[in-house]
Amino acid sequence: MASERDSLQDRIEDRRRELDVDALLVQAPADLRWATGFTGSNGLLLWTASARHFLTDGRYEEQAAMEVRGAEVHVPGYDLPGYLAERGLMAGLRQVAIDSAVLTVASHQRLKELFPTVSWVAEPGLFSKARAAKTEDEIEAVRRAQRITEHVLEQVVQDLRPGVSEREVAAELTVRCLRGGADAMAFDPIVAVAERSALPHATPTDRTVDPGDPVLLDFGCVVNGYASDMSRMVSLGAPSEALRRIHSIVVSAMEAAEEVLRGGVPARDVDRAARDVIDRAGYADRFPHSLGHGVGLSVHEYPTVSWRNAEPMPEGCIVTLEPGIYLPGAFGVRVEDLVLVLADGRERLTAIDRDLIIL
Ligand code: ZN
Ligand code: ZN
């Protein structure tokens, strides 16, 4: 696990050296929050070997003064890049890295006009790898978000009755998370009944739950900026034999992934372990997404636990494991847990069991 602020400054400086640039120009809100503590939506951090300037607009003057650590705060109004030029803060910088995953073409154009002698190094996700290993405080925030998520699942499932719509269940999940202490939802909750559960990313509709229907619930919330994420399957009344069988294959796939998951193992090996179980059961073409994703200040962040990712799993990162089998026209099953990756294994951050919840 990474220790606190000193090491944070080191990790940012290491990143600058690794990219071999004179400065980093950071704009993504999650990166700004991670690097400085700023929780607002508009800011710019200029990081060089010797100077750290944080710029934001007038809405955040007081907030930036309270929150920003490790950088000098400037509040120039709305034109943040214009201020960098006006104050000469970029003087002498030749190579500057920018985040190609968040910078718009228009903003890039403007930077090129303002600073014609700078060579811009486009890097997608400036701090995404640096943010992967979590500190104790970060892990604690994810744990708290996950506790709320599980508590809300239990409450909402107890109240689930025939005739209630996907939309109503989604509203209930949201209200209860916020009442339970969450700052926000991590993403729009997925509530998918019966054949709609075969759509991996269904949005809630007026479809109602009827006796015998499977229901897929996938939701998470945010505490102190950090997300949780969990999927569980509910059966209203006795489940069909098919639902029981598919559910148990999916849970076995999750267990197989857990067996191989530890720091340093290639991400694709973890995906492969789960996928092999699903392939052998005859559903190779019915698991169309990656096994999981990193979770932190963003609900989907580095690393992706995917057959496309050959990189080693970073020790100290938090990822989801979410195998699924989707049978169009019938139903889909996904079970999703949060796990902390350790040097010699993993720790499950999801406390509730993975059984099919039968009402
Ligand atoms: Zn999820
Ligand atoms: Zn997920």
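## Two zincs and their surroundings

Both E322 and E336 are buried. That's a handy way into this predicted model, as these two glutamates help hold a metal.

**The zinc pair**

Let's start with the zinc ion (ligand 2). Which residues coordinate the zinc ion (ligand 2)? The donors are D229 (OD), H293 (NE2), E322 (OE) and E336 (OE), at 2.0 to 2.2 Å. Along the chain, these donors of the zinc ion (ligand 2) are spaced as D-x63-H-x28-E-x13-E. E322 sits in the loop between β15 (318–321) and β16 (324–327), while E336 sits in the loop between β17 (331–334) and β18 (337–342), so the two tie together parts that are 14 residues apart in sequence.

Now for the zinc ion (ligand 1). Its protein donors are D218 (OD), D218 (OD), D229 (OD) and E336 (OE), so you'll see D218 listed twice, and they lie 2.0 to 2.6 Å from the metal. The spacing for the zinc ion (ligand 1) reads D-x10-D-x106-E. D218 is in strand β9 (residues 214–219) and D229 is in the loop between β11 (226–227) and β12 (230–235), so this pair ties together parts that are 11 residues apart in sequence. Like the glutamates we began with, D218 and D229 are both buried.

How far apart are the zinc ion (ligand 1) and the zinc ion (ligand 2)? They lie 3.1 Å apart, with D229 bridging them.

Here are the two sites side by side:

| Site | Donor distances | Donor angles | Spacing |
|---|---|---|---|
| zinc ion (ligand 1) | 2.0 to 2.6 Å | 55 to 150° | D-x10-D-x106-E |
| zinc ion (ligand 2) | 2.0 to 2.2 Å | 78 to 151° | D-x63-H-x28-E-x13-E |

What about the geometry? Ideal angles for four tetrahedral donors are 109.5 degrees. To count as tetrahedral, all angles would have to lie between 85 and 135 degrees. The four donor atoms around the zinc ion (ligand 2) subtend angles of 78 to 151°, which makes that arrangement irregular. The site of the zinc ion (ligand 1) is irregular too, with angles of 55 to 150° among its four donor atoms.

**Cysteines**

If you're wondering about disulfides, the count comes to zero. Why is there no bond between C177 and C221? The closest cysteine sulfur to that of C177 is in C221, 4.5 Å away, and that's too far for a bond; the cut-off is 2.5 Å. C221 is in no disulfide either, with the sulfur of C177 as its nearest cysteine sulfur. C177 is buried, at a relative accessible area of 0%, and C221 is buried with a value of 0% as well.

**Helices and a strand**

Helix α8 (residues 241–260) packs against helix α9 (residues 267–280) at an angle of about 150°, and their axes are 8 Å apart. That makes α8 roughly antiparallel to α9. The crossing of α8 past α9 is right-handed.

Then there's helix α2 (residues 29–36), where six of the eight residues are buried, so the helix is largely enclosed by the rest of the structure. Its buried residues are A30, D31, L32, W34, A35 and T36. Next after α2 comes G37, which has a positive phi near 95°.

Finally, have a look at V96 in strand β5 (residues 95–99). Is V96 buried or exposed? V96 counts as buried, since its relative accessibility is 0%. V96 and D22 are 74 residues apart in sequence, yet their C-alpha atoms are 5.9 Å apart in space.

Conventions. Residues are numbered from 1 along each chain as its sequence is written. Chains are lettered from A and ligands numbered from 1 in the order in which they are written. This is a predicted model: local features need pLDDT of at least 70, side-chain atom pairs count only at pLDDT 80 or more; totals for chains, interfaces and linings use all residues. Side-chain values use heavy atoms; hydrogens and water are left out. Donors are N, O and S atoms within 2.8 Å of the metal (3.2 Å for Na, K and Ca); water is not among the atoms, so sites may look incomplete. Four donors count as tetrahedral if all angles lie between 85 and 135 degrees; four count as square planar and six as octahedral if opposite donors are over 155 degrees apart and all others between 65 and 115; anything else is irregular. Helices (H or I, at least four residues) and strands (E, at least two) are DSSP runs, numbered from the N terminus. Buried means under 20% relative accessible area, exposed over 50%, partly exposed in between (1.4 Å probe, protein chains only). Axes are lines fitted to C-alpha atoms, for helices over the stretch in contact, and angles run from 0 to 180 degrees between N-to-C directions. Angles under 35 degrees count as roughly parallel, over 145 as roughly antiparallel, 65 to 115 as roughly perpendicular and the rest as oblique. A crossing is left-handed if the near helix is turned anticlockwise from the far one by less than a right angle, and right-handed if clockwise.
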